[in-house]
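Welcome! Please load the structure in your viewer and get ready to select a few aromatic side chains with me.

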Amino acid sequence: MKFSKWTFWQYLITRAARRQGFLDPIELLARLRSFAQPSEVGEPVELLRAGVVFHARGLINSRVIQYNLDWVWPYWVERQYNPNDKSFVPRAFSVSHINLTHRNWTALGYPDCEEFPLVDPGGLLTPCLDGWSLDGWVCTEEGGNLFPSRTLDAAQRQDLSSGLTITTRVRQDGLVLSSTASVELEGGRPVCVLTLTGRADSPAWLVLALRPANTEGISFINDVVLAPDRQTWVVNDEQSVAFSAPAERHLVSDYGHGDVALHLKQAYAGAALAECGEGSCDRGMVTAAALFAIPEGGERIVTARIPLSHTSTASVLAENAWPELRASACTLQCPDRTYQELYDAAITSLILHSPGDVYPGPSTYRRFWFRDAVYIIHALLCVGLEPRAARALSRFPERQTPLGYFRSQDGEWDSNGEVLWILHRYQQFTGKKLSADWHNVIARGARWIMRKRLSGTLDAPHAGLLPAGFSAEHLGPNDYYYWDDFWGIAGLRCAGELVRGHDADMAAEFKHAADDFAAAVDRSLASCAQRLGRAGMPASPYRRLDSGAIGSIVSGYPLQLHDADDPRLLDCADYLLNACFIDGAFFQDMIHSGLNAYLTLHVAQVLLRAGDPRYQELMDAVADLATSTGQWPEAIHPQTKGGCMGDGHHVWAAAEWVLMVRNCLVREEGDRLILCSGIGERWLQEGGPVVFGPAPTCFGPVSITLRPLSDGSVEIVLKTAWHDQEPAIDVRLPGHKPVTLERNATNVILTREETSA
């Protein structure tokens, strides 16, 4: 039937749009697809679904926030809607209003807990995913108000001394508020705890405020009830907030009456409205305030507790998990306080976001992708958190289709190579062969790559490559991405190594397939070099060099498919450094439109391998972009330095920081171990030792101690436990003569290189 049902609906949609004066959506979609290479998949359904939810929230924001700017809103709203703030975003006819300037938040939690409460830069606490929030205020009866989201000098820090705590401190006109948020266990179950401490020079009130908003915008509160003992809120008939003391004044408001903050004077006076114990709003905009008196010249402390597990069948979590897990991880001791704190914070992020699956973020990205998972699991392996890595890997087979595709989203042709590569890394790091249960999983995964490749006889630059797909999303529209191909080649080579002891013929088959695949990519890259007039690797055979080329350097890091001095790799890195960096950090102008900490570190890794000292500048730039709590948003606004895209606490970025620090001290290069090639001069000038370890490697764990000596030389002491034979070890400490260690050497003294005048 030529005139299909779909054709009929296309006709109706087109006719209806034109009658109403709209552009034809069918034609627009066709035009949209014309900017991408033909592909068996369109836009990924998962991303479309996430985008719809994202902008649906933004649509609600546009209907609520701009018409009620006398409310007290979260930090990002107060900045983004303020015309005097550099974060101001004009709204015009924007259908949705979303957080584009301060996507900064820090996750709280407890190891193996699936809930990640969020704290924003002003101390606003959102206990549950995409839910309502709690805020703290200090207010005087004379009208003085300390609203943290409206101050610009909030001091926020993360305390890792025992568990995981975020403290935010603000002061203004004699009023001081300190809020501390954490997750504790009660009977083995997690409870989010917010402690507010208010101080004032004159009589004032400490206010615990219930807010129908969070870091993304509006989050509905339909009703709230204050218990008869005045010590508990029940929110939306399901969640509770318990106070450490009875509320002395209480106020509830709805959308029609405006924000509860507008009526605080009624609460001070003990008006009837202020004593209302419950409230509801058919628009979902209930606000409430519990008030506690602050004595003149004194302070008041109030604690709120919010259970994070709502059923009696929830898992009981282990006591003392934080100190035990941190003790099992590779430790860093260095004189650079910033690097030290960022490393410790990154280890905490890795532990927190690996409760079973690994998540690249606590909020926007609390979902699973193979791509992010592989980098995060690699970091877990590299710092000795092998049991958490193994648990995450054990869930991979259930995501493999009968045809062998490791699916997190359709159209991502990199996933199979990533899975096979990380399985091989796991086997190398543990020194243990994978069990026989994995053999069929590996074989099906490798053969999927082999079948998926296009014919090598095509008369086109993409001959022999993987099909067009959307790949890593931030590289651009559907295309024949080299990112996918490099992962495919690495996956086939790793599959051959994984099955070699089990089936020699299969291992040879996979090796031959990898070599053939690599030859096809080399031919395609040669055609690009001829077309572009330079060696650098674009994102695909049909692209100019642009920021999407960031995906192609995967051949150098982490895959090492290309030698450290490969002209194609180094020219690609040089292009990116010259054309795509702002203030020392990589700016991705496709999709992300922000500075990217983790992609900057990818380039730094390529420079580190090549012995190019510019890696240090890139590391310092990334360190400067971190929040005061030691986190990075996925993309960072070049002007405000706030998050502008993705999750505000990006775990892939934390993983890359750990991997960067680790590779500066110990890394593999083929069958050799390279030590200390990224130790900056300033670490040695401080005079104290630098200690790192035990650091797992493909050859076995290594612990390193560097001791600067008075004559400018440096003593390096090693402690090792090789899986098998000791590898060749090169010590490449910048500014010192390189040394290849003799067998079984446990220490060496490096002398300074003489520099020419």
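Let's begin with a question: is Trp 487 buried or exposed? Select Trp 487 in this predicted model: its relative accessibility is 0%, so Trp 487 counts as buried.

**First stop: a partner for Trp 487**

Now add Tyr 375 to your selection; this residue is buried too, with a relative accessible area of 2%. There are 27 aromatic pairs in the model, and Tyr 375 with Trp 487 is one of them: the ring centres are 6.1 Å apart. Turn the view until you can see both ring planes, which meet at 85°, so this pair is edge-to-face. Next, colour helix H8 (residues 370–382), home of Tyr 375, and helix H12 (residues 482–499), home of Trp 487. Because the two residues are 112 apart in sequence, their pair ties together separate parts.

**Second stop: a tilted pair**

Move on to Trp 632 and Trp 657, whose ring centres lie 5.7 Å apart. Their planes are at 40°, so the pair is tilted. Trp 632 is in the loop between helix H16 (614–625) and strand S22 (635–636), while Trp 657 belongs to helix H17 (residues 651–665). The two are 25 residues apart, and their pair links distant parts of the chain. Both are buried.

**Third stop: a cluster**

Return to Tyr 375 and Trp 487, then add Trp 421, Trp 483, Tyr 598 and Trp 652: ring pairs link these residues into a cluster.

**Last stop: charges over rings**

Select Phe 368 and look over its face for Arg 399, at 3.8 Å from the ring centre. Finally, pick Tyr 339: the charged end of Arg 682 sits over this ring, 5.2 Å from its centre.

How values were computed:
Residues numbered from 1 in each chain as written. Predicted model: local features only at pLDDT ≥ 70, side-chain atom pairs only at ≥ 80, totals over all residues. Heavy atoms only, no water. Phe/Tyr/Trp six-rings, centres within 6.5 Å; stacked < 30°, edge-to-face > 60°. Helix = DSSP H or I, 4+ residues; strand = E, 2+ residues; numbered from the N terminus. Buried < 20%, exposed > 50% of the residue type's maximum accessible area, 1.4 Å probe, protein only. Lys NZ or Arg CZ within 6 Å of the ring centre and 35° of its normal.
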